[in-house]
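Open the model in a viewer and keep the sequence panel visible. The stops below are given as selections to make, each followed by what is there.

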Amino acid sequence: MSHPPVPPAITVNPPDVRYPALSRGFNQRWIAQPEYVRMVTSAQGAVTALSEAINQVPEDDARTRVTVRSGGHCYEDFVCGDDVRVILDVSPMCDMYYDPALEAWCVEAGATNWHAYSHLYPLSGRALPGGSCYSVGLGGHITGGGYGLLSRQAGLTVDYLYAVEVAVVTEARTVELVTATRDDPDPDRRDLWWAHTGGGGGNFGVVTRFWFRDPPVPPRKVLLTARSWKWDDFDRDSFTRLLDAYGAWFADHQNPATATGRLFALLALNHRAAGTINLTVQVDAESDDDDDEGTAAMLDFLQAVDSDSVPDSGPMLYSAAEHAAVPDAWSPRLMPWLTATQALNGSGQNRCGKYKSAYVRRPFTGAQIDAMWAYLGNEHYKHYKNKEALIQIDSYGSAINATPRDTAAPQRDSIMKMQYQVYWNRPTDEDPGDEAENLAWIRDTYQATFADTGGVPIIGGNTDGCYINYPDVDLSDPDWNTSDQPWSKLYYKNAYPRLQRVKARWDPLNVFRNAQSIESDVPD
C-alpha cells in the first residue's frame with residue numbers, strides 16, 4: 001500500500017492540537033508563542049520554510065526572531081523565548097545512512113543521541129561519542145562539540161565531522177543550501193564547516209545534515225559500576241578526600257591508549273537534601289577477570305576514589321537529575337556496550353531548570369572544594385529542600401585533548417568538566433513554586449566555587465572557561481561575572497574572532513540571533 005508523500009514542511013498554527021507541545025522545549029521555563037511552528041522534513045523544506053519566514057512581515061513587532069530546534073534541549077530562551085516569531089523544527093529529519101559520494105556516514109540534524117546509538121550502531125558497527133541523554137537533538141549537540149562516555153577514548157563528535165549542510169540567508173534575503181567540507185577548496189565554505197565544530201547551534205543557519213568519516217568503533221563490552229554514598233556519613237575532611245582523589249586520579253590517567261585513560265566517570269554531588277552522592281563509572285573490557293586491562297583499570301579507580309579514607313558506599317538506588325539509577329551495579333557488571341548505554345539512557349522529566357558549566361584543567365583547589373561543601377547544604381542552604389540540585393563532575397580529557405585537527409571547540413587540555421544543575425516544577429496558580437530560591441542556590445554556589453576568579457571559571461589557572469552547549473546568560477551579567485573575561489571568551493577562548501568573521505560572511509543580516517549568539521565583526 002502506497003503512502004502519500006510527506007510535505008517538505010508542515011505548518012502548525014496556534015489552534016492546532018500540536019501547538020502547545022511544539023512551542024516549548026525540554027526546559028519548561030521557556031514557553032514561546034510563535035506565529036507558527038514549521039516541521040521541516042527535508043533539506044529543500046528547510047530552504048522553503050526559512051525563505052518564507054524571513055520575508056514575512058511580523059504580526060507582532062515584539063516577536064521577530066526565527067529560531068531552529070532539533071531536540072529542544074536548549075537550556076536558555078534562545079529557541080523558545082518571548083521574542084520568537086517562528087520556530088523551524090527539524091526533528092522529522094532523523095535518517096542516517098552511508099553516502100558513497102562523500103565517503104561518509106550521513107546523519108540528519110533532527111536525529112537524537114538515541115537515534116545514533118539505536119540506528120547508526122546496528123547499521124555500521126560505529127557510534128558517535130555523544131551524550132548519554134537520549135532525547136538531546138544532534139543538531140545542537142554536534143555543533144557545540146558534543147561529548148559523552150566514549151569521549152575519553154574517542155574524542156568529541158566534531159573530531160569526526162567531515163561535512164555539514166546548512167540553509168543560509170544571503171544579504172539579498174534569499175536562501176541557499178550550502179554543503180561545506182573540512183577539505184573544501186573554498187576557504188569560506190571550509191570556515192563554515194569549522195564553525196560547526198564547536199561554534200554552537202543557531203548561529204549561522206539551519207543545519208540539515210552532517211557527514212562523519214570513520215566514526216569510532218565502540219567497545220564490544222564494557223564494565224559498568226554505579227555506587228552511592230550517604231551524605232550523613234561525610235564530614236568536611238572525608239568530602240575533601242573524595243574530591244581530591246577523584247581529581248588526582250584523572251590528572252594522572254590521560255593516555256587514551258590505556259584502559260585507565262579511557263575510563264569515564266560521573267560524580268553527582270547532589271545537594272544534601274537528596275541524601276546521597278552518586279558515582280557512575282564505565283570502561284571498555286572483554287571480561288571481568290582481574291587481569292583484564294579494563295577490569296584492572298576499574299578496580300584501580302574504585303580503590304583510589306571509593307577508598308578506606310571515605311565512608312562506605314552502597315548500591316545506587318536513586319537517580320541523579322538526568323541519569324537513571326542503576327541499583328544492581330555496585331560490583332562492576334560486564335555487558336555489551338549498547339546494553340550499558342541503554343541502562344544509563346535518561347533525560348529526566350520535562351521541568352524548569354538552570355545550568356552552569358566549567359572546564360577544569362587540574363585537581364580542585366582547597367577553596368573550590370570548601371565552597372562546594374558549604375553550598376551543598378552543609379553550611380549554606382541548609383534548609384533548602386530541593387533534591388534535584390547538584391554539581392555533576394564528569395571525567396574529561398585523554399583522547400579529547402589529542403584532537404587530530406583544528407576545531408572550534410577550544411577547551412582541549414582539561415581533565416574534568418563540571419555541570420551545575422537545578423530542576424523544579426513549572427509554577428501554577430495553585431503552586432507558585434520556588435524559582436527564585438532555586439536560581440539563588442545555583443548562582444550562589446557557582447559564584448562561591450569560583451570566587452577567586454570573579455565568580456566564573458576563567459581561562460587560566462586550573463579552569464578553562466565554559467561549555468557552549470550549557471549556555472548560561474549569567475555569564476553576560478556583571479553582577480555574576482566580575483572577571484575581566486566576557487562570555488564570548490569563556491565559551492570560545494581565542495576562536496571567537498574567527499567565528500565572528502564566519503558569522504559576517506554567512507549570516508550577514510543576523511537572522512540567527514539570541515542573547516549570546518556570535519556577534520558579527522562587521523559594524524552595523
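**Stop 1: the sheet at the start of the chain**

Select E1 and E2, which run antiparallel and are joined by 4 bridges. Within this pairing, Val12 has Val37 in E2 as its bridge partner. Bear in mind throughout that this is a predicted model.

Now add E3 and E4 to the selection. The 4 strands make an open sheet with mixed pairing, in the order E1-E2-E4-E3. Strand E1 (9-12) and E3 are the edge strands, each pairing on one side only. From one strand to the next, the twist averages 20°.

Next, select helix H2, residues 43-54, which packs on this sheet. Helix H2 touches E1, E2, E3 and E4, and its direction makes about 160° with that of E2.

**Stop 2: Cys80**

Stay in this region and select Cys80, in the loop between strand E3 (65-69) and strand E4 (84-89). Is Cys80 buried or exposed? Its relative accessibility is 6%, so Cys80 counts as buried.

Which residues does Cys80 touch, leaving aside those up to four places away in sequence? Select Ser23, Arg24, Gly25, Trp30, Ile31, Ala32, Arg69 and Ile87 to show them. For a distance across the fold, pick the C-alpha atoms of Cys80 and Gln28: they are 9.6 Å apart in space, with these positions 52 residues apart in sequence numbering.

**Stop 3: a salt bridge at strand E4**

Select Glu35 and Arg85, which form a salt bridge with the closest N and O atoms 3.2 Å apart. The pair links distant parts of the chain, 50 residues apart: Glu35 is in the loop between helix H1 (19-22) and strand E2 (36-40), and Arg85 is in strand E4. Are these two residues buried or exposed? Glu35 counts as buried because its relative accessibility is 17%, under the 20% cut-off. Arg85 is buried as well, with a relative accessible area of 1%.

Side chains of opposite charge can pair when their charged atoms come close.

**Stop 4: the hairpin of E7 and E8**

Select residues 161-169 (strand E7) and residues 175-181 (strand E8), which pair in the antiparallel sense over 7 bridges. Highlight Val169 and its bridge partner in E8, Val175. The two strands form a hairpin with 5 residues between them. In the turn, select Arg173, which has a positive phi of about 65°.

**Stop 5: more salt bridges**

How many salt bridges does the structure hold? There are 31.

Select Arg189 and Asp184, whose side chains meet in a salt bridge at 2.9 Å, N to O. Arg189 counts as partly exposed, at 28% relative accessibility, whereas Asp184 counts as buried, at 5%.

Then select Glu379 and Arg236, a salt bridge in which the closest N and O atoms are 2.2 Å apart. These partners lie 143 residues apart and link distant parts of the chain: Glu379 is in the loop between helix H11 (366-378) and strand E16 (389-395), while Arg236 is in helix H7 (residues 236-252). Glu379 counts as partly exposed at 39% relative accessibility, and Arg236 is partly exposed with a relative accessible area of 30%.

To see a network, select Glu76, Lys354, Lys356, Arg443, Asp472 and Asp474, which are joined by salt bridges that share partners.

**Stop 6: two positive phi values**

Most residues other than glycine have a negative phi. Two residues are worth selecting with that in mind.

Select Ser398, a residue other than glycine with a positive phi, near 60°. Ser398 is in the loop between E16 and strand E17 (416-424). At 3% relative accessibility, this serine counts as buried.

Finish at Asn510, in the segment after helix H14 (496-506). Asn510 also has a positive phi, near 55°. Where Ser398 is buried, Asn510 is partly exposed, with a relative accessible area of 32%.

Key. Residues numbered from 1 in each chain as written. Predicted model: local features only at pLDDT ≥ 70, side-chain atom pairs only at ≥ 80, totals over all residues. Heavy atoms only, no water. Buried < 20%, exposed > 50% of the residue type's maximum accessible area, 1.4 Å probe, protein only. Contact = heavy atoms within 4.5 Å. Salt bridge = Lys/Arg side-chain N within 4 Å of Asp/Glu carboxyl O. Pairing = 2+ DSSP bridges. Axes fitted to C-alpha atoms, helices over the stretch in contact; angles between N-to-C directions.
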